[in-house]
Every structure is written in structure tokens, then in C-alpha cells.
Amino acid sequence: MPAEPARAPRLATAPEPPDADVMAPEAPAQPRWWGRPLAETRWQLELMRLLADPVWRGIGVAHGDGRAVVLMPGFLAGDQTLAVLAGWLRRIGYRPSTCGFIANVDCSDRALERIERRVAGLYERHDRRVALVGHSRGGHFARALGARRPDHVSHAISLGADLQGMFGISAPTLLAVAAARSALRATHRAPTEACFTPGCDCAYSRAYRAPFPHERVRLTSIYSKGDGVVRWPGAVVPEADCVEVTGSHIGLVLNRKAYRAIAAALAVPER
């Protein structure tokens with residue numbers, strides 16, 4: 001099937017209830033950005049608003065047909081940060097699954113191999129392609145695996161991830177990345193000195209930068225201009241359906257508007 005021509009980003013606003021193709025190279029150095037750490041404490045308010053919203057009860061959103069959905073956490077986070085999202089997806093008709101992350105700090109290549117094994121197992125068990133939902137660094141994995149295995153992936157949904165260069169993040173987060181890189185080297189778990197850097201050329205990095213097969217896999221990028229961790233312009237890419245919501249970076253996995261956008265993205269028929 002011939003590929004569709006490159007498209008301009010489709011910017012949208014997450015739906016409210018009735019009443020209420022070549023990856024760009026790493027971007028040049030940008031001025032240091034300290035993010036909005038205090039604003040990130042909003043995630044607690046976002047959780048309360050979610051629990052009070054009809055979307056939490058599955059009202060006003062399309063329900064699923066039993067498709068398996070693999071959830072991937074953000075940097076430093078584990079599967080437990082996606083428990084609320086997993087429970088909600090199960091209630092609206094999907095089969096959510098995680099990958100056994102305690103803290104998402106391992107070499108990206110090894111992490112992606114783990115996710116790929118989980119997706120392959122679900123594909124074989126259910127005899128249909130699997131959807132991916134990744135938060136922050138998990139969104140990088142969603143993009144990379146969608147590019148690498150379009151035969152196994154139907155939808156790839158990114159929540160607050162830099163899909164242009166991976167490292168469009170705040171200065172404190174860059175320091176945390178440097179600490180993780182040092183730990184990998186100290187424990188001899190870094191395959192190369194370039195691991196956890198923009199210069200890494202591992203299989204994961206090549207898949208992340210590869211042209212995305214948007215004619216076969218539906219890519220959705222959900223982002224917030226109020227993100228206090230990731231520079232939001234990096235989430236807007238031409239190969240994705242780009243959906244803007246309001247809220248914090250951490251709170252995207254608890255954001256009522258993001259949940260509506262996720263349900264809408266998963267409901268679109270696979271290609």
C-alpha cells in the first residue's frame with residue numbers, strides 16, 4: 001500500500017462532555033530551562049477532578065472491543081504509576097498490560113526489547129495487533145516500537161513525550177538522566193559510552209529516529225503547554241494526531257481530558 005504524503009500536524013483539543021516522514025535530527029542546543037517543578041504538584045488536583053468526572057465511569061467515551069493495550073511508564077517511574085489508567089482502560093473494554101518496570105531507568109535498548117517481547121506475546125495470544133500507551137519516556141518507546149514492529153502494533157499513543165529529539169526536557173530532569181547514565185556505567189550495564197546520550201546509535205535509537213509508518217500504525221501525541229518537565233513543542237510532529245490538553249506533565253496519566261483523548265484514539269479503527 002503506498003504511503004500517504006506527509007501531513008501537517010493535526011492540532012486538536014481533547015473532547016469535553018456535552019455539558020461542560022523522516023525524523024528531524026537532534027535539535028540544536030537550547031537555553032537552559034528549569035521547568036515548572038511547583039506546577040507539577042497539580043497532579044493531585046488532576047486526580048480528584050478525574051474521579052469526579054463522568055469519563056471516570058466510562059460515560060461519554062467510546063468503549064473498547066477487548067484489544068490488548070501495553071502501558072509504559074515515564075523516566076524514573078514504574079508500572080504502579082499507571083495503575084489508575086490501567087483500571088480505567090479495563091472498565092471501558094480493553095485488556096491493559098504492563099511490562100514489569102520498577103523504575104524506568106535501564107538502557108533504552110534493553111527496555112525496548114522487554115516491551116517488544118511482551119507485545120509479541122500478546123499478539124500471539126489474542127491473534128491481533130496491540131495498542132501502546134506510553135507516558136513521557138514511555139512515549140519514546142511507543143514511537144520506536146511502532147516504527148520497528150508495525151505488524152504487531154496498531155496504535156501508538158504518547159503522553160507528554162518529546163517525539164523530536166528525546167532530550168527536550170528541563171534542567172533538573174537532564175541532571176537525573178546524567179545520574180542514571182553514571183549509574184549504568186558504574187554497574188557496567190551501559191552497552192556503550194553513548195548510552196543515555198543524544199549520540200547513542202543503538203537499535204532503539206535508530207527505531208526512534210526512523211520514518212514512522214503512519215500508513216500502518218496510528219500515532220497520537222497528547223501534550224500540555226503547561227508541561228513542567230518536557231518542552232511541549234517537541235510533542236508536535238507531522239506524523240501524529242496531536243491533541244492538546246491542559247495540565248501538568250506528571251498528571252497526564254491522571255488527566256480527565258487526556259483520558260478522553262486516549263479513548264478517542266483507541267476507538268479509531270486500525271489501519
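How many salt bridges does the structure hold? The structure, which is a predicted model, holds 13 salt bridges, and several of them are followed residue by residue further down. The protein chain has seven helices and seven strands, and buried residues make up 54% of its 271 residues. The points below go from the overall layout to the strands, then to the salt bridges, to two single residues, and to the largest pocket.

**Overall layout**

- Reading from the N terminus on, the elements of the protein chain follow the order β-α-β-α-β-α-β-α-β-α-α-β-β-α, where β stands for a strand and α for a helix.
- The total for the protein chain comes to seven helices and seven strands.

**Strand 6 and the strands beside it**

- Strand 6 covers residues 218-224, and because seven of its seven residues are buried, this strand is largely enclosed by the rest of the structure.
- Arg218, Thr220, Ile222 and Ser224 point one way from strand 6, while Leu219, Ser221 and Tyr223 point the other way, and the residues of both sets are all buried.
- Strand 6 pairs with strand 5 in the parallel sense over five bridges, and in this pairing Ser158 stands opposite Ser221 of strand 6.
- Strand 6 also pairs in the parallel sense with strand 7, which spans residues 241-245, and this pairing too runs over five bridges; here Ile222 stands opposite Val243 in strand 7.

**Salt bridges around Asp106**

- Asp106 forms a salt bridge with Arg110, and the closest N and O atoms of the two residues are 2.7 Å apart.
- Asp106 has a relative accessible area of 18%, so this residue counts as buried, whereas Arg110, with a relative accessible area of 27%, is partly exposed.
- Asp106 forms a salt bridge with Arg189 as well, with 3.2 Å between the closest N and O atoms.
- Because Asp106 lies in the loop between strand 3 (95-97) and helix 3, and Arg189 in the loop between helix 5 and helix 6, this pair ties together parts that are 83 residues apart in sequence.
- Arg189 has a relative accessibility of 39% and therefore counts as partly exposed.

**A salt-bridge network with Asp151**

- Asp151 forms a salt bridge with Arg149, and the closest N and O atoms are 2.7 Å apart.
- Salt bridges that share partners join Glu116, Arg148, Arg149 and Asp151 into one network.
- Asp151, at 31% relative accessibility, counts as partly exposed, and Arg149, with a relative accessible area of 22%, is also partly exposed.

**Two single residues, His152 and Ala179**

- His152 is placed in the loop between helix 4 and strand 5, the latter being residues 153-159.
- At 10% relative accessibility His152 counts as buried, because the cut-off for a buried residue is under 20%.
- Leaving aside residues up to four places away in sequence, His152 touches Val119, Ala120, Tyr123, Arg129 and Val130.
- Ala179 is found in helix 5, and at 47% relative accessibility this residue counts as partly exposed.
- Ala179 and Val105 are 74 residues apart along the chain, yet their C-alpha atoms are separated by 9.9 Å.

**The largest pocket**

- Rolling a probe the size of a water molecule over the atoms shows where empty space is left.
- The largest pocket has a volume of about 680 Å³.
- This pocket is lined by 38 residues, of which Gly74, Phe75, Leu76, Ser136 and Arg137 are the closest to its centre.
- The elements that give two or more residues to the lining of the largest pocket are helix 1 (43-52), helix 3 (108-126), helix 4 (137-148), helix 5 (171-186) and helix 6 (203-209).
- Helix 5 gives the largest share of the lining of this pocket, namely four residues.
- Sorted by class, the lining of the largest pocket has 24 nonpolar, eleven polar and three charged residues.

Technical notes. Residues are numbered from 1 along each chain as its sequence is written. This is a predicted model: local features need pLDDT of at least 70, side-chain atom pairs count only at pLDDT 80 or more; totals for chains, interfaces and linings use all residues. Side-chain values use heavy atoms; hydrogens and water are left out. On a 1 Å grid over the protein atoms alone, a cavity is a set of points where a 1.4 Å probe fits but cannot get out, and a pocket is an open set with protein on both sides within 12 Å along at least five of seven lines; lining residues have an atom within 4 Å of a point. Grid points are joined across faces, edges and corners, and a volume is the space filled by probe spheres set on the points. Ala, Val, Leu, Ile, Met, Phe, Trp, Tyr, Cys and Pro count as nonpolar, Asp, Glu, Lys and Arg as charged, and the others, Gly among them, as polar. Buried means under 20% relative accessible area, exposed over 50%, partly exposed in between (1.4 Å probe, protein chains only). Contact means heavy atoms within 4.5 Å. Two strands pair if DSSP finds at least two bridges between them. A salt bridge is a side-chain nitrogen of Lys or Arg within 4 Å of a carboxyl oxygen of Asp or Glu.
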